[in-house]
Amino acid sequence: MTANKKFPKLGTKVWWNGEMIPAESATLHVSAHSLHYGLGVFEGIRAYKQKDGGLGIFRGFDHMRRFVDSCRISGLPTPYSTEELLEACKSTVRESGFEACYLRPIGFLDAGPLGVAFDANTHPFTIAILSMDWGKYLGADAANQGAKIKISSFTRHHPNIAMTKAKLTGNYINSVMAKVEAKQMGFDEGILLDPEGYVAEGSGENLFVVKRGKVITPSVESVLEGITRDTVIQILSDMGVSYQERRMSRDELYAADEVFFSGTAAEITPIAEIDFRKIGDGRPGKLTQEISKRFFSIVTGENSERKAWIDRV
Ligand SMILES: Cc1ncc(COP(=O)(O)O)c(C=O)c1O
């Protein structure tokens, strides 16, 4: 096979249906069903260097449980349990050669006859886990000074068009459109509204609004139930800050004191500006900064009360 010079730098080995194989060999056939029709499941997970040494996967069990749920929702037949998949993630981190990394478990239907219908006998379901070195998802400037955001011209999925509780590869066409549109217009990210015009989420992040000391996040109907979103909710309850999950209109974003994104890739990213309107004073807000501080103390194992969320490698 011709080497593609544009391959990203992956960890040394990829977990592939139970075996650790060299990253260069982890390729698929051009007739793979998932490539043609977009039915695949995936996760995004981070492994962090721990304060007391070693590496820990943040909420690895919860991510792989969502992966198994995505398989159930989409009808893709995973032969592995959540526990086995978590062990597979640990092996991938161990053999990655990285000090900290991003993990991408993906399940897809491999080579088989063309045609929309699939069948486990004709299209083998393959699970692979790769690792990558991945810094600040929206860039260092956005992480430090706040991101510049546009409300997208694309609408987030209706749950009966693309099932939003599953992290399905094909669902991300919508995210790719929103992200590319935002970047082409000079923004860092897009926020998508749901089919009824209420705020849903970023192309790859959940979002939170702070208004007069209270925190609001869109309810789960049309968003991915983010594991970082849940982590932020736990942090808020540790801090005794009241929060609400409810529908939210775009003007509430414009008039917010603070807005921030949460996500495995984006971690906690403050938002400085939406549609050319400054959020608060246009700098990362106090509560956002406190939540971010607590988030990093949890993921690096410094917070002893949340050690159960760290899957040591
Ligand atoms: C559309 C979307 N929403 C939200 C999130 C945040 O989810 P999590 O915190 O589990 O990474 C992601 C990232 O996976 C995403 O792709």
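Good morning. I begin at the surface, where Ile 173, Val 176, Met 177 and Val 180 make a nonpolar patch of about 340 Å². Please note that this model is predicted. Val 176 belongs to helix H5, which covers residues 172–184. Its relative accessibility is 45%, and because the range between 20% and 50% is called partly exposed, Val 176 falls into that class. As a general point, an α-helix has 3.6 residues a turn, so residues three or four places apart point the same way.

I turn now to helix H3, residues 82–94. How far apart should its ends be? At 1.5 Å a residue, its 13 residues should span 18 Å, and the end C-alpha atoms are indeed 18 Å apart. The buried residues of H3 are Thr 82, Leu 85, Leu 86, Ala 88, Cys 89, Lys 90, Thr 92 and Val 93.

Ser 96 sits in the loop between H3 and strand E6, residues 101–109. Is Ser 96 buried or exposed? Its relative accessibility is 3%, and therefore Ser 96 counts as buried. A polar atom of the Ser 96 side chain lies 3.0 Å from the backbone nitrogen of Phe 98. Leaving aside residues up to four places away in sequence, Ser 96 touches Gly 11, Thr 12, Cys 101 and Ser 131.

Finally, helix H6 comprises residues 227–239. From first C-alpha to last, this helix of 13 residues reaches 18 Å, close to the 18 Å expected. Its buried residues include Ile 227, Val 232, Ile 235 and Leu 236, and also Arg 229. Just after H6 comes Gly 240, with a positive phi of about 70 degrees. Thank you.

Notes. Residues are numbered from 1 along each chain as its sequence is written. This is a predicted model: local features need pLDDT of at least 70, side-chain atom pairs count only at pLDDT 80 or more; totals for chains, interfaces and linings use all residues. Side-chain values use heavy atoms; hydrogens and water are left out. Helices (H or I, at least four residues) and strands (E, at least two) are DSSP runs, numbered from the N terminus. The expected span of a helix is 1.5 Å times one less than its number of residues. Buried means under 20% relative accessible area, exposed over 50%, partly exposed in between (1.4 Å probe, protein chains only). Patches are made of residues with over 30% relative accessible area and no salt bridge: like charges are joined within 9 Å, nonpolar side chains (Val, Leu, Ile, Met, Phe, Trp, Tyr) within 5 Å. Accessible areas come from the Shrake-Rupley method with a 1.4 Å probe; for residues, only the protein chains shown count as cover. A salt bridge is a side-chain nitrogen of Lys or Arg within 4 Å of a carboxyl oxygen of Asp or Glu. A polar contact is a pair of N or O atoms within 3.5 Å; within protein, one must be able to donate a hydrogen and the other to accept it, and residues adjacent in sequence count only if both atoms are side-chain atoms. Contact means heavy atoms within 4.5 Å.
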